[in-house]
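Good morning, colleagues. Please look at the model on the screen while I take you through the contacts between its chains and then some pairs within a chain.

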Amino acid sequence: MSVKTKKVKEMTLDDKRVIEVALAGNPNTGKSTLFNALTGLRQKIGNWPGVTVEKKEGKKRCDGFNLIITDLPGTYSLSAYSLDEKIARSFIIEGKLDVVVQIIDASNLERNLYLTTMLRELGANVVIALNMMDLLEESSSSIDVNKLSKEMGVPVVPMIASSRIGIDDLENTIESIYQKEQKPIRITYSKEIEEVLANVQEILMSIPSIPSDFDSRWLAIQIIQNDPEILTFLKNWNVNKTIIEKLLSFGREDYEAEIIDTKYEFITNVTSKALKRGEEKLTRSDLVDKVVTHKWLGIPIFLIVMWGAFQFVFAISVPFMELIDMLFGWLAGLLVDNINIGWLGSLLGDGIVGGLGAVLIFVPPIFAMFFILSVLEDSGYLARAAFVMDKIMVKFGLHGHSFIPMLLGFGCNVPAIMSTRSLKNNKDRMITILINPFMSCGARMPVFILFAGLFFGAAAGTVIFALYILGIVVAIFTAILLRKTFFKGKSAPFIMELPPYHTPKLRSATVAMWDKGKMYLKKAGTIILIGVMFVWFLAAMPFGGVEYGGPDTWLAAVGTFFEPIFRPLGFDWRIVVALIVGFVAKELVVGALGTIVGGGGSEEGIKDAILADEGFYPLNSLSLMVFTLLYVPCAAVIGVMRKETGSWRWTIFAVVYSTVIAWLFALVVFQLGSLMNLGL
Amino acid sequence: MEMLKNTSNNMKTSLLAGSLIFLVVAITEVILGAFKIYADSKELEEHWVNAIPFPPGIFTGLAILIVSLVWLVGYFVIKKDQNANGYLSVGTILALGFILLFILILITDIFNAYALGLEDYENWTVLASLRWIIFLSPIPMFFTIKYRDLIFTRKKKTSALQS
Ligand SMILES: Nc1nc2c(ncn2[C@@H]2O[C@H](COP(=O)(O)OP(=O)(O)O)[C@@H](O)[C@H]2O)c(=O)[nH]1
Ligand SMILES: [Mg+2]
């Protein structure tokens, strides 16, 4: 193991010794805080686990030596199941490290020591930075630092990183131990396992190509647990194929569980000696957590919070939408009055101002949506919501971590699908990617707001809320289906660090709103503008004589061709055309409708045009909204799905499946509605 | 000890009273809301429900119902001699959040009705939006003043849950 080979490095920054240090630890224990305190850099300190995904490096000059410090992503263990664990582990194995500083949250000793046992088994030269001593004190527990140090066989430095207390001690300790050989702790496993380990080790010893700094016991332990990365190691060392097979045949699934259990027994023994628990004093955050993650209350609370969020979005955006609308109406009027060249007036009035106005009017609700989501995230509530949802998700064959990508999907499905990288299990991940498009992204909102507002009046907010719920239901249904068919198996257990509650800051919510909303504006200026002009072009062709957007245009030809498929859903060719261009981007649905039905560039105009039009009525607008909700969000999502699943087959599956599902649900809505004769 | 007991008794009464008052408001709204939906779907314009000067909101009723339930569970938690501060806080913060929301809605409604003169607001009265604020305000306000330290102290603490 490279961490054990201690070559004194003389090549230095300013002729001083260089000590290479890595900061490891569970998420949210203060690694980045310590890193910043040591290096004076500004790593982002997040209130969400998984903020530090890559490793960062910094330097620090001390008396007589220099430190090179690497901030690793937070991990609970060093198995090779997730990307962040792999990054941390391979860095510790391969980096020429002198010391690994493990930051431990003192108020959570037991869970944190699990990683310590793994680091020590790996043979790393460990210093424990016992952080958050202030919180420990607050909970009136205490830790006997000397006993802990003796039991774990490593130095322990108590500290409060956020107040820069204990930093000097840590530096000195690092210096004092970096040349000392630490004896790896040896956790003794059951007799059976020890025998298997001995056998494996014997084989390993006979392979000359294994680098001497790899501890053979550690390798043996990984092999019998079926560690997925070991095969790569063995191949890299050119180990003979039959020997590899023989080694791998020692792996058994139940060994892993047993090894974990034994480690926890070891830890319990350590904490029984070193940790004195104060009387359970619940903090405010614990008390609040109890309520928002309550068995029965958790989900209703989540639902009313989301409902409130939608009410907020609707209330705040209406006046702004009206104002934007007036502006575009005025602009369109100006154009029509002043341009006398027929086709140009049509392009500018019907095409650009009409189409673009129809899109830009939705800037207020989309911004409001991003705003409220980021307020909820900032407050710390969303992480609790994820926890509440996990219990349900597991029942549906999903994973608690799937919830965050699903929630992000309400903003935009593209980053949401990318965020599935934090899922450990590949099956969990595939399912989460494939269901994500059913989470209604911001771009679908315009269609909902237009039609719900037009035909459902005061109930508009509720209708939109119901659509979002429908999206979630279909996603869950799909997840169950996939789990039962293509992705059989159990999902990985869910552990999630809950960030502290904050009073949300207006500023950071505004910044987040602008950052994300900007994308929508950009899209409006590029792809949507082009799309709208393209639709105008088709709606005006063939030149001369045809009524713009009328039944004799090329546009109508395309729509009419597909219309039979959609007639059972209550759609005429114009809706069909809008939905087809919606494959490129959902914003185009309203944009295209704006161009087709006309209305002089203002929302009010489009609304009046739609209301006056017999082709649009409450029931088919409902099935239109359902269809829009469920079919492929946009071309960008198709691209990112291909990239993240690594498979065209699954991408095409997702596109076809969602379109079929959309068609079926819209059909049911329309046919059932017609049958029940709701007067819609 | 005696003082502690008193505080907890106090809070017990507060939670129960708050919960019951919200329960009455919630159930009234839900029932009236259900009648309204029925009347609308059958197009019964003469129905008595339409005589109420504001449209009842079934969903708002449900939201209030949940706040009421949070407090109610809190009441039973205190009865078992356990700490119910979380229930008090969460219920109150939810209610305050809704009050803020309704104030916002009131402001935008007034703007929409008078400044923009939107058609949808022809039959709208200030009372329709104001009533929620009137119904909802007193109890959470009272709780906020009385238990401010329990609801609004700030402490940094990360906690973890495991499934
Ligand atoms: N009370 C307390 N909070 C701390 C301490 N050290 C860090 N924190 C806080 O813990 C949170 C997580 O810190 P961060 O450095 O991002 O953790 P990381 O995920 O391990 O990198 C932040 O809110 C810090 O301000 C400490 O010693 N005491
Ligand atoms: Mg960090």
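Between chain A and chain B, the count of residue pairs in polar contact, both residues at pLDDT 80 or more, is zero. A polar contact here is a pair of N or O atoms within 3.5 Å; within protein, one must be able to donate a hydrogen and the other to accept it, and residues adjacent in sequence count only if both atoms are side-chain atoms. pLDDT is the predictor's confidence in each residue, from 0 to 100. The rule likewise finds zero salt bridges across this interface, a salt bridge being a side-chain nitrogen of Lys or Arg within 4 Å of a carboxyl oxygen of Asp or Glu.

This is a predicted model, in which local features need pLDDT of at least 70 and side-chain atom pairs count only at pLDDT 80 or more, while totals for chains, interfaces and linings use all residues. Residues are numbered from 1 along each chain as its sequence is written, chains are lettered from A and ligands numbered from 1 in the order in which they are written, and side-chain values use heavy atoms, with hydrogens and water left out.

What, then, is in contact between chain A and chain B? On the chain A side there are 45 residues, meeting 36 residues of chain B, where contact means heavy atoms within 4.5 Å. About 3,700 Å² is buried between the two chains, and carbon and sulfur atoms give 71% of that area. Buried area is the accessible area (1.4 Å probe) that two parts lose on being put together, summed over both. In chain A, the residues that lose the most area to chain B are Arg284(A), Ile304(A) and Trp307(A), together 17% of what that side buries.

Several elements of chain A each supply at least two residues of this side, including helix H12 (284-292), helix H16 (381-395) and strand E9 (495-498). Helices (H or I, at least four residues) and strands (E, at least two) are DSSP runs, numbered from the N terminus. H13(A) gives the most, with 15 residues. By class, the side divides into 25 nonpolar, ten polar and ten charged residues. Ala, Val, Leu, Ile, Met, Phe, Trp, Tyr, Cys and Pro count as nonpolar, Asp, Glu, Lys and Arg as charged, and the others, Gly among them, as polar.

As to confidence, the predictor gives the complex an ipTM of 0.88 and a pTM of 0.62. Chain B has a mean pLDDT of 80, but over its residues 154-163 pLDDT stays under 50. Where pLDDT is low, the predicted coordinates should not be read in detail.

I turn now to salt bridges, of which the count over all chains is eleven. One of them joins Glu121(A) and Lys263(A), at 3.1 Å from N to O. Glu121(A) belongs to helix H3 and Lys263(A) to helix H11 of chain A, 142 residues apart. Glu121(A) is buried at 8% relative accessible area, and Lys263(A) is buried at 1%. Buried means under 20% relative accessible area, exposed over 50%, partly exposed in between (1.4 Å probe, protein chains only).

Another salt bridge links Asp428(A) with Arg483(A), their closest N and O atoms being 2.7 Å apart. Because Asp428(A) lies in helix H19 and Arg483(A) in helix H21 of chain A, the pair ties together parts 55 residues apart in sequence. Both Asp428(A) and Arg483(A) are buried.
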